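Visitor: I would like a close look at a single part of this model, taken slowly and residue by residue. Could you choose the part and walk me through what surrounds it?

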Amino acid sequence: DIPIEKLPRNSILLNKTLPLWKEYPVEFISIISVLIILVIALCCTLFFYFRTKKVKEHLEMSEKELIIAKDRAEESNRLKSAFLANMSHEIRTPLNAIVGFASLLIESDDKKERQDYVDIMQENTELLLQLISDILDLSKIEAGTLDFTMDHLDIKSF
């Protein structure tokens, strides 16, 4: 039990156990190196796992937004088709009246009857013109190019 510092410099100790890191320095450094590499690999794996998870969540959210946008576009397309079908019917009605009464006008000899046909044609022409004007106004509103005119209006007159 003599302290090592008090022994002569070149003395050799027999049957003395050394710490593992002194007895096996190469193996100890190898084990520490492998542990450091494993910790670095674990950190990289965790980083890429959470990054991939975040990207996956972002893609899922984008997919949901795309599905909603697709549904809205399909609904808009359906409404547009219904609108066009309705407009085609609304345009055909006064146009058919104009064409029909024009052919009756040609065949009629009675002046009163002819004037009635002309009045009906005039009324349907005005309806058709108003309808087309309304459609153009809707297109301007949708395109954002409608011009507003500020003017005084007497609501009681309507």
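Guide: Let us take helix H3, whose buried residues pack against H2. The model is a predicted one, and what follows should be read with that in mind.

H3 runs over residues 111–143, and its 33 residues reach 48 Å from the first C-alpha to the last, close to the 48 Å expected at 1.5 Å a residue. Its partner H2 covers residues 25–107; because 83 residues at 1.5 Å each should span 123 Å, the 121 Å between the end C-alpha atoms of H2 agrees with that expectation. Just after H3, Gly-144 takes a positive phi of about 80 degrees.

The buried residues of H3 are Tyr-117, Met-121, Asn-124, Leu-128, Leu-131 and Ile-135. An α-helix has 3.6 residues a turn, so residues three or four places apart point the same way. On the facing helix, the buried residues are Met-87, Pro-94, Ala-97, Ile-98 and Leu-105, and what covers these residues of H2 includes H3.

Some of these buried side chains belong to the largest nonpolar core, which is made up of 5 residues: Ile-98, Leu-105, Tyr-117, Met-121 and Leu-128. Both H2 and H3 supply at least two residues of this core, and H3 gives the most to it, with 3 residues. Leu-105 offers a useful view of the packing from the H2 side, since, leaving aside its neighbours within four places in sequence, it is in contact with Arg-114, Tyr-117, Val-118 and Met-121.

Phe-101, also found in helix H2, touches part of that group: beyond its neighbours within four places in sequence, Phe-101 is in contact with Tyr-117, Ile-120 and Met-121. The C-alpha atoms of Phe-101 and Ile-120 are separated by 7.5 Å, although the two residues are 19 residues apart along the chain. Phe-101 has a relative accessible area of 21%, and it therefore counts as partly exposed, the cut-off for buried being under 20%.

Between the two helices comes a loop, and Ser-108 lies in it. The relative accessible area of Ser-108 is 6%, so this residue is buried. With neighbours within four places in sequence again left aside, Ser-108 is in contact with Glu-113, Arg-114 and Tyr-117. Tyr-117 thus appears among the contacts of Ser-108, of Leu-105 and of Phe-101.

Further along H3 we come to the largest pocket, which holds about 220 Å³ of space. Its lining consists of Lys-80, Phe-83, Leu-84, Ile-135, Leu-138, Ser-139 and Glu-142. H2 and H3 each supply at least two of these lining residues, and the largest share, 4 residues, comes from H3. By character, the lining divides into 4 nonpolar, 1 polar and 2 charged residues. Ile-135 links this part to the packing described earlier, as it is one of the buried residues of H3 and also lines the pocket.

For a contrast, consider Ile-68, another residue found in helix H2. At 44% relative accessibility, which falls between the limits for buried and exposed, Ile-68 is counted as partly exposed. Its C-alpha atom and that of Leu-136, 68 residues apart along the chain, are separated by 30 Å.

Terms used
Residues numbered from 1 in each chain as written. Predicted model: local features only at pLDDT ≥ 70, side-chain atom pairs only at ≥ 80, totals over all residues. Heavy atoms only, no water. 1 Å grid on protein atoms, 1.4 Å probe; cavity = no way out; pocket = protein on both sides within 12 Å on 5 of 7 lines; lining within 4 Å. Points joined across faces, edges and corners; volume = space filled by probe spheres on them. Nonpolar A, V, L, I, M, F, W, Y, C, P; charged D, E, K, R; others polar. Core = buried A, V, L, I, M, F, W, Y, C linked by side-chain atoms within 4.5 Å. Buried < 20%, exposed > 50% of the residue type's maximum accessible area, 1.4 Å probe, protein only. Contact = heavy atoms within 4.5 Å. Expected span 1.5 Å × (residues − 1).
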